[in-house]
Amino acid sequence: MNSIVKNISILFLSTSLFACSDFLDVKPLDSYTGEVIFKNATLTETYVNQRYTELRHGFSQTAMRFVSDETYNNFNWQSAYLFNRGEVTPDQVGGFGIWDEYYKAIKNCNIFFENIGQLDAEKAIVDRMTGEITFLRAFFYTELVNRYGGVPLIEKTFGLNDNMMLKRSSYEECVNFIVSELDKAIALLPVDYDNVNFGRATKGAAMALKARVLLYAASPMWNTTDDKSKWKAAADAAKAVIDLSNNGVKVYELDPDYAKLFLTNKSKEIIFMRQYNSEYGHTFDWQNSPNGFTGWSATCVTQDMVDSYEMADGSIPTAELYSSDDPWAGREPRFYASIVCDGQLFRGREIEFYISSTGNKALCGKDSEYGIDDWNASKSHYTIRKFMDESLRNAWNDKGSQPWIYFRLGEMYLNYAEAVYHLGDEANARLYINKIRERARGGVYNVLPDINASGAELLAKIQHERKIELAFEDHRFFDVRRWKIAEQTENVPAHKIVIIRDDETKQKTYKIEVLQERKFLPQHYLFPIPRYEIQRNPDLEQNPYY
């Protein structure tokens, strides 16, 4: 196990690591002072490693797919329903609020900047760690800005006598700061690492974050005058990632296997990820497996998301499909890589979301609400397949080792396509969106035809392609907001499918029903700043309509 995987997978190392060293002389023995940490290269590097663990990830209960039109959260983890039902207020955002958590992470980064000058180490090592923390602090600020808009920019730790009544910087000021910081990180970080340091932030990671930040800044929510220079900056940043090379060889490539790229940390499509292994793994697989495997069915994919996937010929699924024997036949390949349906093979057996025509619980499917663990059944009668390692068999003992991917080349292609579309370059927009669709075919011909649309239809196709290609990767929540279409996409009910199997003939019938009424108000384009923060600092201005 390489060191960066191990160190990023655990909390800040205890004194037991140094049982044979002079560090045992430090008091107290269960912690280290900044003076000690930043005079020792090993401790400093461990401090840097710990900052990676402060980034949220999509295997957690606060994944943004739970508060988008992609899914229904089976257990209202972290109060996801507050978002779904339009009940978010300054007093209640559940666990999805990041204000305290990320400002604490930023403080920890600032501690590094204030102390790194003490470290007597090779310049290359100091530069690399400085680049990492610069990137990470920019990432924390990006996540804050994406949720709250402009936020206070804090570049130092506070003393007892410092003025802490800071005003919010504007959104544009925050973007300029983040981009400036990322330019510094790009200059300091290497293109890649040896095996020992594999997994750390690279030059490409900083470039990818910059590309995403600039795309969001160019989008209708913030670029109300459609300033083309902002779209140009976004296009150039995305293209720089696409073209990044090392010794004449492109650093990133689209993975030919869409399903498998999420199961390995070795894919050349991955730009930046959170790594795991069997020792320090995650339980995403068991939380999200159907209840017939004693899983929790945590991510209930909505019927609406299911029917967003095109048919293999590029047409849109119709209601008539649910009068057939197999309503999910003939969909495009990414559908089968992303969603588990009734009757499909998953983890070595056929999935059974159906219920009995006579209400006989003994004749209901294993994965239905009358199955093995009825309280863990999927409410939509779909579960997620994307990211799942189907080779795991020992429920709750086998830990998942697949990575959470923050940035990958597929996103950069879509970012570039969207940006150049707004610059009037529809040919390149079609070229890059069709590269994504070509990969999605997986080498199968006469499937998922190229997009040849233009004008407003092409923009709709680009937006739809992001919904499918980046499904469940924590993009959709932010995309519909930056496009200013959330009042259309989030103000419609989420639907489920009810599957009834005839006890005698074994024939199934299908009915679409409302799973959850949903509501979106204009204020929900942004998170509210927590009320307690406004009470602490009256100079903080609350977001509109809250």
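Biologist: Which residue in strand 13 stands opposite V498?
Modeller: V498 stands opposite K511. The model is a predicted one, in which local features need pLDDT of at least 70 and side-chain atom pairs count only at pLDDT 80 or more, while totals for chains, interfaces and linings use all residues. Residues are numbered from 1 along each chain as its sequence is written, and side-chain values use heavy atoms, with hydrogens and water left out.

Biologist: What counts as a helix or a strand, and how many of each are there in the protein?
Modeller: Both are DSSP runs numbered from the N terminus: helices are H or I runs of at least four residues, strands are E runs of at least two. By that definition the protein has 18 helices and 13 strands.

Biologist: Why are strand 12 and strand 13 said to pair?
Modeller: Two strands pair if DSSP finds at least two bridges between them. Strand 12 and strand 13 share 8 bridges in the antiparallel sense, so they satisfy the rule. One of the bridges joins R501 to K508 of strand 13. The two strands form a hairpin with 6 residues between them, and K506 in the turn has a positive phi of about 65 degrees.

Biologist: What makes strand 9 an edge strand?
Modeller: Three strands form an open sheet in the order 9-12-13, with mixed pairing. Strand 9 and strand 13 are the edge strands, as each pairs on one side only.

Biologist: How do you know that E513 and K496 form a salt bridge?
Modeller: A salt bridge is a side-chain nitrogen of Lys or Arg within 4 Å of a carboxyl oxygen of Asp or Glu. The side chains of E513 and K496 meet at 4.0 Å, N to O, so the pair fits the rule. E513 lies in strand 13 (residues 508-516) and K496 in strand 12 (residues 494-501), so the salt bridge ties together parts that are 17 residues apart in sequence.

Biologist: Is E513 called buried, partly exposed or exposed, and what decides this?
Modeller: Buried means under 20% relative accessible area, exposed over 50%, and partly exposed in between, with a 1.4 Å probe and protein chains only. E513 has 27% relative accessibility and therefore counts as partly exposed.

Biologist: Why are E332 and R334 called buried?
Modeller: E332 is called buried because its relative accessible area is 0%. R334 has 1% and is therefore buried as well. The two residues form a salt bridge, with their closest N and O atoms 2.9 Å apart. Both belong to a network of salt bridges that also includes E269, E310 and R408.

Biologist: Where does R408 find its bridge partner?
Modeller: R408, in strand 11, is the bridge partner of I270. Strand 4 (residues 270-274) and strand 11 pair in the antiparallel sense over 4 bridges.

Biologist: What makes strand 11 mostly covered?
Modeller: In strand 11 (residues 404-408), 5 of its 5 residues are buried. Across the protein, buried residues make up 57% of the 546 residues.

Biologist: With which residues is S357 in contact, and what is meant by contact?
Modeller: Contact means heavy atoms within 4.5 Å. Leaving aside its neighbours within four places in sequence, S357 is in contact with I500, R501, D502 and D503. The C-alpha atoms of S357 and I500 are separated by 5.6 Å, although these residues are 143 residues apart along the chain. S357 is found in the loop between strand 9 (355-356) and strand 10 (383-384). Its relative accessible area is 37%, so S357 is partly exposed.

Biologist: How do you know that the radius of gyration agrees with that of a compact globule?
Modeller: The radius of gyration is taken over C-alpha atoms, and the globule rule is 2.2 Å times the number of residues to the power 0.38. For 546 residues a compact globule would have a radius near 24 Å; the protein has 24 Å, so the two agree. The C-alpha atoms fill a box of roughly 75 × 55 × 55 Å, taken along the principal axes.
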